Amino acid sequence: MQHSVQKYHKGNFEIIELKNDIISAKVAVNIGNTLISLKAKNDEKLYFPFSLEEYKDNSKLAGNPFMHPWANRLEEECIQVENKMHGFPKEQIHLLYRDGNNLPLHGLLLKSDQWKTIELHEDENSCYHVAEFIFDDAAFLSIFPFKHTIQIKHELRNNELKIETIILNEDEQEMPVSFGFHPYFLRNELNAKLTIPSKNTIEVDAVMIPIGKVFPKENKWNFKDDTVNLENTAFDDGFQDLRRNEKNEAVFSFDNIHVVFDEHYPFAQIYAPANPDKPYVCIEPMTAPTNALNTNSCRKIKTGQRFTASFTIVP
C-alpha cells in the first residue's frame, strides 16, 4: 500500500498530511504541532470544530494538543527544582493556560508557533513527519528552567498512527519529565463503551490535585472487564497501575478506536464530560501523574540523556 506525506500552507499555517488508501492525518505544525484530523475511510475520528484561525486565537482545545512541560494541572504557580520551590515570575504568568480554579494547566506549548519541520519521509510501507521545538526561550526558561530539545514524529504505518516524542536534556542539571497528550476523540453515541486497562484511580482533592492515594476504579464506576458504558457515566480522572499485554502495551478502547500506550506512559487521564455540547472523549497518555513536578514523582533525565515515549492510535 503506497503511503504519502505532503506539506502545504493554508493561509499562514503549515499543514502536514500523511495518508494511504484508508487513513489520512493532518498536523498543524505552527499551532502547537497539533494533530487536527484523523480520518479512516473519510470518517473523522477527532473533534476539531474550528477553523485554523479560530483555533489559534481562542482559548479552546481540540485535536491532539501536546502538554509540556507538565500535563494537566499544577497546585500553584511554581515547581520544585533541586528540592527547592521555583516560583513563576509575575511578568511571565501571562504565558500560563489555566483551569476553572485558575491553576496552571497543560504546560506552555499548546498552540506554539515555534515548531519547525525537520524531516519528511514516504515509501510503500509508511510515511512520517518530524517536527522540532528548541526550548531555550528566556521567558519559558524562567518558568521551567531546563534547556532541552523536543522532537515529535507522526508516523503512519499499517493503518496505525504512531506519535513518538523524544526529549533531549541540554541543560547542566537533571531534568524532570512530565509531558502528555490530550487527544479529543469524537463521541457519536450516548451509550458508547470505554475500556480503561487500569487497576486503580488516583484520588484527588477539591481542585483535582492528587493527594497521594489510589483506589480500585470499580469502587466508583460500574466496570465489567475494564469496560464501562458512558451513557450515564462521566470522567475527569487519573488512572495508574495499567494492565499491559505481552508487548508491555496498555490498550485503551473507545468507539472502535484503540489507543495504545508504550511502557513509558504509565499514567492516563480520562476526560469524558456528560455534556451534549462537548461531544468527545479524551484518552490522555501521561509520563507522570498530575502535579508531578511538585511531588518529586516523575522520571528525571541527566545532561545529554534522551527520553522517548510513544502511543499509537488505531482507528
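A salt bridge here is a side-chain nitrogen of Lys or Arg within 4 Å of a carboxyl oxygen of Asp or Glu. Keep that in mind as you move around this predicted model, since the structure holds eight salt bridges and several stops on the tour visit them.

**Stop 1: E155 and R157**

Select E155 and R157 and show their side chains. They meet in a salt bridge, with N and O 3.0 Å apart. Which of the two partners is buried, and which is partly exposed? E155 has 11% relative accessibility and counts as buried, because the cut-off for buried is under 20%. R157, at 37%, counts as partly exposed.

**Stop 2: E77 and R98**

Now select E77 and R98. Their side chains also form a salt bridge, this one at 2.8 Å from N to O. The pair links distant parts of the chain, 21 residues apart. To find E77, look in the loop between strand 6 (66-67) and strand 7 (78-81). For R98, go to the loop between strand 8 (84-87) and strand 9. Colour both by accessibility if you like: E77 is partly exposed at 32%, and R98 is partly exposed as well, at 23%.

**Stop 3: the open sheet**

Next, switch to a cartoon view. How many strands form the open sheet, and in what order? There are nine, running 9-10-11-12-26-22-21-16-19, and the pairing is antiparallel. Select residues 116-122 to see strand 9 at one edge, then 227-229 to see strand 19 at the other; each of these edge strands pairs on one side only. From one strand to the next, the twist averages 15 degrees.

Stay with strand 19 and add residues 193-195, which make up strand 16. These two strands pair in the antiparallel sense over three bridges. Within this pairing, highlight L194 and V228: L194 stands opposite V228 of strand 19.

**Stop 4: D226 and its surroundings**

Select D226, which you will find in the loop between strand 18 (210-216) and strand 19. Is D226 buried or exposed? D226 is buried, with a relative accessible area of 13%. Now display what D226 touches, leaving aside residues up to four places away in sequence: L194, T195, I196, P197, S198, K217, E218 and R243. L194, from the previous stop, is one of these contacts.

Three of the other contacts are worth keeping on screen: K217, E218 and R243. E218 forms a salt bridge with K217, and the closest N and O atoms of that pair are 3.4 Å apart. E218 counts as partly exposed at 37%, whereas K217 is buried, with a relative accessible area of 0%. Salt bridges that share partners join K217, E218, D226 and R243 into one network. Side chains of opposite charge can pair when their charged atoms come close.

**Stop 5: D43**

For the last stop, select D43 in strand 5 (residues 43-44). D43 is partly exposed, with a relative accessible area of 39%. What does the side chain of D43 make a polar contact with? Show K45: the two side chains make that contact at 3.1 Å.

Finally, use the distance tool between the C-alpha atoms of D43 and E203. You should find a separation of 36 Å, for residues that are 160 apart along the chain.

Terms used
Residues are numbered from 1 along each chain as its sequence is written. This is a predicted model: local features need pLDDT of at least 70, side-chain atom pairs count only at pLDDT 80 or more; totals for chains, interfaces and linings use all residues. Side-chain values use heavy atoms; hydrogens and water are left out. Two strands pair if DSSP finds at least two bridges between them. Helices (H or I, at least four residues) and strands (E, at least two) are DSSP runs, numbered from the N terminus. Axes are lines fitted to C-alpha atoms, for helices over the stretch in contact, and angles run from 0 to 180 degrees between N-to-C directions. Buried means under 20% relative accessible area, exposed over 50%, partly exposed in between (1.4 Å probe, protein chains only). Contact means heavy atoms within 4.5 Å. A polar contact is a pair of N or O atoms within 3.5 Å; within protein, one must be able to donate a hydrogen and the other to accept it, and residues adjacent in sequence count only if both atoms are side-chain atoms.
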